[in-house]
Structures are given as structure tokens and as C-alpha cells.
Amino acid sequence: MATVPKKTLNTLMNALSNGVVPRRGLEYIAVGRKKETQTFVNDLEFTAEGGGAFRFISGRFGNGKSFMTQMIRNYAMDKGFVVMDADLAIDRRLTGSKKEGLNTYRELIKNTAYRTRPEGGAMEPILQMWIEDTIQAVSEKKNIDRDDVEDRDIENEVREATREMAFMQYYQDFIKAVIAYFKDYRNDVEDSAALRWLKGELETKNSVRKDVGINLMIDDNNWYDIIKLWTHLLVGLGYKGLVVFLDEAVVLYKLQNKMSRSNNYERILTMFNDIIQGKSSYLSMYVCGTPEFIEDPNRGLYSYEALRSRLTKGKFENGYDNYLGPVINLRPLTNEEIFVLLKTLRSLHEQKYSYETGISDKMLENYLKAVLANSISSEMITPREITRDLISLLDTLHQNPNAKFENMISGRALTADSDTDGDIIEDLDL
């Protein structure tokens, strides 16, 4: 396989060994998911043309939802999109009585990323680059020094650059906050109230009026509309669009209060309709959860009739998977795909430590057989578990030269003179 850059390799292997989906380098270990991936590629192409997509990614824990969304996230950034992501939690939902929706907005803004800032925290640099470019544009237009550019000239440039957004709800307050931040940035204001408003951190109307000069509070009711404003602003700055990821949506399914669940499901419906009906542009959203979160008729999305009618499978699918519908069901990887993954991990481990494991394909087949034999069902084996366990095994063998691979996978005592010549189990049917 291709040589992986050292920093990417170390980050990738460290994350996988701890059962965590890494932010970068996933393309080196991607197997299967061809049809699902093509759907997301098509979504992004449509989004860049001014459309959008709203899909639910369904799969049980450890079955690849986070991996899949991270792959889409990386691909989107490489193609010129800005991305936002947030893990939902008890205090981060779509709406609530204690600013849970606002908390989700804050998390999305904090995790804003683009190609050269993939780890997040990109919103402020994006604005600052725009400020510098605007000052330079005015300077060149008027043939004056940058320091002589006046605030009113910058404001005029900003309004002209965003005039196509003027029809959008909350535009006036939003753009006033942007302009206020421009002024704070030029004056080296360390704790800009305008920036805090844009991040959703101002919580009293008095501070919003006094420090930013507007009346609008970002809250649970309007944060999605602010996201739409960000989308159009980013497109105006040259990005292809905005892609939003909401993971761990099973949190909504677990809410004990029926009214709270319904309120959150209603908010999902609102966003779903808004994007699918074309009321928003250049915006795609992906919500990740377990099959129960979607299909449970008592507590899941199917318990909300308007969502059930939109998400339920068609009558004539007859057991086939539909990767073009609103719900993408991630099936378990096949044994063949898992075997390819095992071989890739072996190669990556050899690259990381500059050695040869001495582990043949046949031995990896035996390893997979042992894993399957110790599981109640092959469907219980998740990529996360099998990846973590193999890396742990490889680490142990690398540090203990006397340890024998066959002994390790069969659970026998580790002895330097153990007989390792015969096959442990029959050939894996690959």
C-alpha cells in the first residue's frame, strides 16, 4: 500500500488503537461502503450547485456511523466546503427548556472547519481573512494606505458583498454583528462582544443591545436560521457550501419526557422540510443514530407521524437496500471486507514501526476465524472492536518477540517453545 505521511500515520493508529475514529487519514483504511459513498458524493455535487440534502445515517454502535461521517467530512473539506459537526447530548439537543438548542449551535460554531483548518475553530479565521481582504480591496480601489481605510467604507463593502442575503430572515441583525466584529478586530478589541454574539455566547438582551447594537438573541428557536445565514455568507466568500453533521442522535430517543422528544422531532421535521423543499441553498445536513432512534414506533422518529411518513421504506423495496432515500442504513462489513481491513492494519503497523510483522495472510485468516468463533453472531463483530483488538495484538507481539501469534489468538499460555507449526483452524472461506 502507499506510504502514509508519518504524522497522519501516528494520529491514525493512535486513534484506532483507542477505539476512536480519527479526524484524518481515513482514506487509507476505507473498505466497502461504495454505494453509500457515491450517494454522499452526489449530495455534495448537488449542494455546490445551490441545492442540499438531508439524510439520516443509521447503524448500531460501532458499525461505522462515525467513520462514515468523518469520511464525508474530510471529502467535503477537500472539495472546498466548510463543515460543522456536533455530538448531541443531554445538554445539546435541537431544542429544550434550558438552551439545549443554543448549546448545539455553539458546538457547531466551535467545530467549524475547512481544508486548511480541519480540526475546527475555523469561524474566526474565516472572518479575519475576509476583513483583511476587504481592507485591501478598499485600499486598492481608493488608492490609499490600508490604515486610512474608514469603517464606513468597510461597511459598504460588506453590505455590497452580502446584498443577495438581504431577503433572508435576521439578515440585518446578523450583518450588523459582522460589521461590529470588523470594527473590533481593527481596533484590537480582545473580548469582542460582536464575536461572542456570532458564537452564541451572549445571553442577555441588555448586553446584546448595549455591546452589539442589535436586538436579536440567538436561541433555541432561531439558531437554524442563523446557520442558514452562515451558509450564504460562506458561499459569498468562495466556499462551495456548508455541510452539518449531528451525531449521537440516539440521545433524543432516550429522552424520558414525551413532549421533549416530540419538540425535538418537530425541529428535525422543520429542518428536513426546509432543505428537501429547496427553501435553503448550499446546505446539507446529516443526522446519525441507531436503528431504534429511527424505527421504534413508540419513541423513535417513527413515533412522529409526519417523520414516519417521510422516512419509512417504500412498499416495493422487497428487502433491497435503497441508498438514495432519506435513510442510509449501514450494514455490517462482510467477512471479505473485514479481511481487507486486517491486511491494511498489518501494513500500517509495519510502516509505523519500520519492521515486518511476519504475520501472513493465512495467519490473519485464522485470527478472523478466532474472532468470529468467540462471538455470538458475526453481526456482533464491529469494525471498531476488531480494529482495536488487532492493533493491540500487533503491539503486544512487537514488544514481546518470544510471544507466538497462534498462541495469542487461541488463548494458550505464552511460551517461547510453543509448537506453532500446524493450522489452528480450517481455512476462512474468502
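**View 1. A salt bridge joins Asp 153 and Lys 142 in this predicted model.** The closest N and O atoms of Asp 153 and Lys 142 are 3.0 Å apart. Asp 153 belongs to helix H6 (residues 151-161) and Lys 142 to helix H5, so the pair ties together parts that lie 11 residues apart in sequence. Asp 153 counts as buried, because its relative accessibility of 11% falls under the 20% limit. Lys 142 counts as partly exposed, at 45% relative accessibility.

**View 2. Within helix H6, Glu 155 and Arg 159 form a salt bridge.** Their side chains meet with an N to O distance of 3.4 Å. The two residues are four places apart in helix H6, which means that about one helical turn separates them. An α-helix has 3.6 residues a turn, so residues three or four places apart point the same way. Glu 155 is partly exposed, with a relative accessibility of 24%. Arg 159 is likewise partly exposed, at 24%.

**View 3. Glu 124 and Lys 199 link distant parts of the chain.** The side chains of Glu 124 and Lys 199 form a salt bridge, with 3.5 Å from N to O. Glu 124 is found in helix H5 (residues 123-142), while Lys 199 sits in the loop between helix H8 (193-198) and helix H9 (205-212), and the two are 75 residues apart. Glu 124 has a relative accessible area of 27% and is partly exposed. Lys 199 is also partly exposed, with a relative accessible area of 27%. The structure holds 19 salt bridges. Elsewhere, a network of salt bridges links Arg 92, Glu 107 and Lys 110.

**View 4. Five strands with parallel pairing form an open sheet.** The order of the strands is S2-S3-S4-S1-S5. Strand S2 (82-87) and strand S5 (327-329) each have a single partner strand, so one side of each edge strand is left without a neighbour in the sheet. On average, neighbouring strands are turned by 20° against each other, direction ignored. Strand S1 (residues 54-58) runs parallel to S5 and is joined to S5 by three bridges. Ser 58 has Asn 329 in S5 as its bridge partner.

**View 5. Helices H2 and H3 pack on the sheet.** Helix H2 (residues 34-48) lies across S1, strand S3 (242-247), strand S4 (283-289) and S5, and runs at about 150° to S4. Helix H3 touches S1, S2, S3 and S4, and its direction makes about 165° with that of S3.

**View 6. Asn 74 is a buried residue of helix H3.** Helix H3 comprises residues 65-78. Asn 74 has a relative accessible area of 6% and counts as buried, because this value is under 20%. Not counting residues up to four places away in sequence, Asn 74 touches Arg 23, Arg 24 and Leu 26.

**View 7. Helix H15 has the length expected from its number of residues.** With 19 residues (335-353) at 1.5 Å a residue, helix H15 should span 27 Å, and its end C-alpha atoms are indeed 27 Å apart. Which residues of H15 are buried? Among them are Ile 338, Phe 339, Leu 341, Leu 342, Arg 346 and His 349. The buried residues of H15 are covered by elements including helix H1 (6-17), helix H16 (361-373) and helix H17 (383-399). After H15 comes Ser 354, with a positive phi near 50°.

Methods. Residues are numbered from 1 along each chain as its sequence is written. This is a predicted model: local features need pLDDT of at least 70, side-chain atom pairs count only at pLDDT 80 or more; totals for chains, interfaces and linings use all residues. Side-chain values use heavy atoms; hydrogens and water are left out. The expected span of a helix is 1.5 Å times one less than its number of residues. Buried means under 20% relative accessible area, exposed over 50%, partly exposed in between (1.4 Å probe, protein chains only). Contact means heavy atoms within 4.5 Å. A salt bridge is a side-chain nitrogen of Lys or Arg within 4 Å of a carboxyl oxygen of Asp or Glu. Two strands pair if DSSP finds at least two bridges between them. Axes are lines fitted to C-alpha atoms, for helices over the stretch in contact, and angles run from 0 to 180 degrees between N-to-C directions.
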